[in-house]
Amino acid sequence: MRILTGLQPSGKLHIGNYFGAMEPAVRLQEQGEAFYFIANYHAMTTVRDADALRDHTRELAIDFLACGLDPERSVFFRQSDVPEVNELAWILSSVCPVSMLEKAHSYKDKTAKGIAPTHGLFAYPVLMAADILLYDSNLVPVGRDQKQHLEMTRDLAGKINDAYGEDTLVVPEPMISESMAVVPGLDGQKMSKSYHNTLPLFGDEKPSKKLIMRIKTDSTPVEDPKPVDGSLILPLFRLFASEEDYAKMVADHQSGGVGYGDFKKRLAEAYWEYFAPMRQRREELLADPGYVDEVLAKGAGRAREEAAKVIDRVRKAVGLA
Ligand code: ADP
Ligand code: TRP
């Protein structure tokens with residue numbers, strides 16, 4: 001089974017990205033042949049600065065490896081290292097009704113947020129379909145916000161297969177993490193870089209812990225019991241703490257006698273410790289840039305090999321070869 005997913009290099013990662021995207025992707029490596037890539041062509045729809053795009057791409061490569069992506073087991077590459085994806089995107093474009101793209105929520109949401117309404121942004125789902133179909137992917141794990149893109153991908157594969165033969169493209173199955181709890185931000189909304197409520201995955205110690213110490217709490221006196229429902233501290237603590245420590249924190253809320261400052265300190269410590277092995281691995285990767293280049297070059301080679309098979313098959317099927 002081939003599992004494929006892509007992540008956009010759009011800035012520093014937060015712990016919502018970790019629990020919602022990286023950690024599940026790392027776990028899925030056990031279940032099949034994983035193809036994971038950095039969607040740098042897609043990032044061009046929002047990142048206009050060449051150095052920023054390069055830096056974010058590299059940072060994402062390092063962070064993903066630090067989180068446990070195993071380049072011996074999985075194929076890890078940059079989207080732009082397999083330019084064949086653009087050819088497949090063109091072929092898909094030629095069967096893609098404009099009305100399909102006009103219904104895309106992501107386009108409407110992004111332009112509403114002020115992102116330039118370019119052709120690239122409009123055609124984003126077609127390139128994403130090409131990403132998936134170019135590798136005969138079977139399973140595509142994504143967040144809920146990508147569900148419609150997966151439906152479009154299946155639709156486009158179906159249109160190609162109807163026009164040119166059933167064996168032209170493999171129709172993928174989405175794996176939507178509905179059950180994946182959304183990581184709450186420091187203000188209680190969904191954690192997201194657009195809400196400025198994030199806890200960084202790999203931030204510096206003092207400023208990161210300070211963010212936790214600044215979480216808003218009510219004015220219950222130290223000696224009184226504290227509300228458990230609606231707590232901003234408990235759901236975050238649960239991500240990092242053992243069952244036992246979590247139960248103790250709940251009990252200390254209910255009994256009273258412990259202040260919010262103490263709870264926040266426990267949360268800050270648990271958060272810092274949880275990512276310690278990954279932070280360590282990241283330091284090693286930062287010190288060895290040649291290794292990261294090597295991983296990406298090897299991944300690009302493997303990905304291109306697979307892409308060549310599919311693009312040859314498609315070129316023949318549609319009459320380009
Ligand atoms: P942001 O909302 O910060 O812009 P992205 O939309 O770039 O994050 O998300 C990248 C990946 O991280 C996606 O797979 C998304 O589902 C996941 N993700 C982002 N925020 C959260 C969150 N708060 N909880 C769970 N997963 C998240
Ligand atoms: N659109 C995805 C996101 O913003 C990233 C992405 C690009 C992707 N191509 C993909 C995800 C192919 C899965 C498969 O999160």
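Axes are lines fitted to C-alpha atoms, for helices over the stretch in contact, and angles run from 0 to 180 degrees between N-to-C directions. The model is predicted, so that local features need pLDDT of at least 70 and side-chain atom pairs count only at pLDDT 80 or more, while totals for chains, interfaces and linings use all residues. Residues are numbered from 1 along each chain as its sequence is written, chains are lettered from A and ligands numbered from 1 in the order in which they are written, and side-chain values use heavy atoms, with hydrogens and water left out.

**View 1. Packing of helix 11 and helix 13.** Helices (H or I, at least four residues) and strands (E, at least two) are DSSP runs, numbered from the N terminus. Helix 11 (residues 233–240) packs against helix 13 (residues 260–274) at an angle of about 30°, and their axes are 9 Å apart. Helix 11 is therefore roughly parallel to helix 13; angles under 35 degrees count as roughly parallel, over 145 as roughly antiparallel, 65 to 115 as roughly perpendicular and the rest as oblique. The two helices, 11 and 13, make a left-handed crossing. A crossing is left-handed if the near helix is turned anticlockwise from the far one by less than a right angle, and right-handed if clockwise.

**View 2. Packing of helix 11 and helix 12.** The axes of helix 11 and helix 12 (residues 243–255) cross at roughly 160° and come within 9 Å. Helix 11 and helix 12 are therefore roughly antiparallel. The crossing of helix 11 with helix 12 is right-handed.

**View 3. Surroundings of ligand 1.** The shell (residues with a heavy atom within 4 Å of the molecule) consists of His14, Gly16, Asn17, Gly20, Ala21, Gly143, Val182, Val183, Lys190, Met191, Ser192 and Lys193. By class, four of these residues are nonpolar, six polar and two charged; Ala, Val, Leu, Ile, Met, Phe, Trp, Tyr, Cys and Pro count as nonpolar, Asp, Glu, Lys and Arg as charged, and the others, Gly among them, as polar. A polar side-chain atom of His14 lies 2.7 Å from an oxygen atom of ligand 1. Backbone N or O atoms face nitrogen atoms of the ligand at Gly16, at 3.1 Å, and at Met191, at 2.9 Å. On its own, ligand 1 has 540 Å² of accessible area, of which the protein covers 79%; accessible areas come from the Shrake-Rupley method with a 1.4 Å probe.

**View 4. Surroundings of ligand 2.** Of the 14 residues around ligand 2, those that come nearest are Gln8, His42, Tyr124, Asp131 and Gln146. Polar side-chain atoms lie at the following distances from a nitrogen atom of ligand 2: 2.6 Å for Tyr124, 2.7 Å for Asp131 and 2.9 Å for Gln146. The protein covers 89% of the 370 Å² of accessible area that ligand 2 has on its own. Strand 1 (2–7), helix 8 (124–133) and strand 4 (139–142) each supply at least two residues of this shell, and helix 8 gives the most, with four residues. The shell of ligand 2 divides into eight nonpolar, five polar and one charged residue.

**View 5. Positive phi at Asp136 and His196.** Asp136, although not a glycine, has a positive phi of about 50°; this residue is in the loop between helix 8 and strand 4. His196 is likewise not a glycine and has a positive phi of about 50°. His196 is placed in the loop between strand 5 (173–176) and helix 10 (205–213).

Methods: Polar contact = N/O pair within 3.5 Å; in protein donor to acceptor, adjacent residues only side chain to side chain.
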